[in-house]
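Have your viewer ready and set it to a cartoon view, with side chains available to switch on. We will go from one selection to the next, with a short note on what is there at each stop.

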Amino acid sequence: MLFLVRSAFQSDVRFYNIMIIFLAGIYGYVVECVQETWVSNRSFDVFDILADLVGSIIGILIWAWAKKNKPL
């Protein structure tokens, strides 16, 4: 998902990638809170949030690699 977000919105903000990863972490936290509260047979799991963050970082790295090798 982050690959597509980063490709769609070009920005000159210095810390844009870090801001996107931070927002992905907040999104992962909110999803876990919703699962804990409103979804039966689901619970809050910190490792799911970490997996979201790792996936976000990988998405940004793939975007940077793709942009370097072929303009998006």
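## Stop 1: where two helices meet

Select Asn17, Ile20, Ile21, Ala24, Gly25, Gly28, Tyr29, Glu32 and Gln35 in H2, then add Asp48, Ile49, Asp52, Leu53, Ser56, Ile57 and Ile60 in H3: these two sets are in contact, where contact means heavy atoms within 4.5 Å. Colour this contact of H2 with H3 by residue type and you will find eight nonpolar, five polar and three charged residues. For that colouring, Ala, Val, Leu, Ile, Met, Phe, Trp, Tyr, Cys and Pro count as nonpolar, Asp, Glu, Lys and Arg as charged, and the others, Gly among them, as polar.

A word on what is on your screen: this is a predicted model, in which local features need pLDDT of at least 70 and side-chain atom pairs count only at pLDDT 80 or more, while totals for chains, interfaces and linings use all residues. Residues are numbered from 1 along each chain as its sequence is written, and side-chain values use heavy atoms, with hydrogens and water left out.

## Stop 2: the whole chain

Now zoom out. The chain has three helices and zero strands; helices (H or I, at least four residues) and strands (E, at least two) are DSSP runs, numbered from the N terminus. Of the 72 residues in the chain, 22% are buried; buried means under 20% relative accessible area, exposed over 50%, and partly exposed in between (1.4 Å probe, protein chains only). Among contacts between residues at least 6 apart in sequence, 48% join residues at least 24 apart.

## Stop 3: along H2 and across to H3

Select residues 16-38 to pick out H2, a helix of 23 residues. From its first C-alpha to its last H2 reaches 32 Å, close to the 33 Å expected at 1.5 Å a residue, the expected span being 1.5 Å times one less than the number of residues. Show side chains on Tyr16, Ile20, Ile21, Ala24, Gly25, Gly28, Glu32 and Gln35, which are buried.

Add residues 46-69, helix H3. How do the axes of H2 and H3 cross? They come within 9 Å and cross at roughly 150°; axes are lines fitted to C-alpha atoms, for helices over the stretch in contact, and angles run from 0 to 180 degrees between N-to-C directions. H2 and H3 are therefore roughly antiparallel to each other, a label for angles over 145 degrees (under 35 is roughly parallel, 65 to 115 roughly perpendicular, the rest oblique).

## Stop 4: Tyr29 and Gly55

Click Tyr29 in helix H2. With 46% relative accessibility, Tyr29 counts as partly exposed. Leaving aside residues up to four places away in sequence, Tyr29 touches Phe44 and Ile49.

Move to Gly55 in helix H3, which is also partly exposed, at a relative accessible area of 38%. Draw a C-alpha to C-alpha distance from Gly55 to Ile21: the two are 34 residues apart in sequence and 9.4 Å apart in space.

## Stop 5: the loop

Finish in the loop between H2 and H3, where you will find Asn41. Asn41 has a positive phi of about 60° although it is not a glycine. Most residues other than glycine have a negative phi. Is Asn41 buried or exposed? At 81% relative accessibility, Asn41 counts as exposed.

Ser43 sits in the loop between H2 and H3 too, and is partly exposed at 46% relative accessibility. Not counting residues up to four places away in sequence, Ser43 touches Glu32, Gln35 and Glu36.
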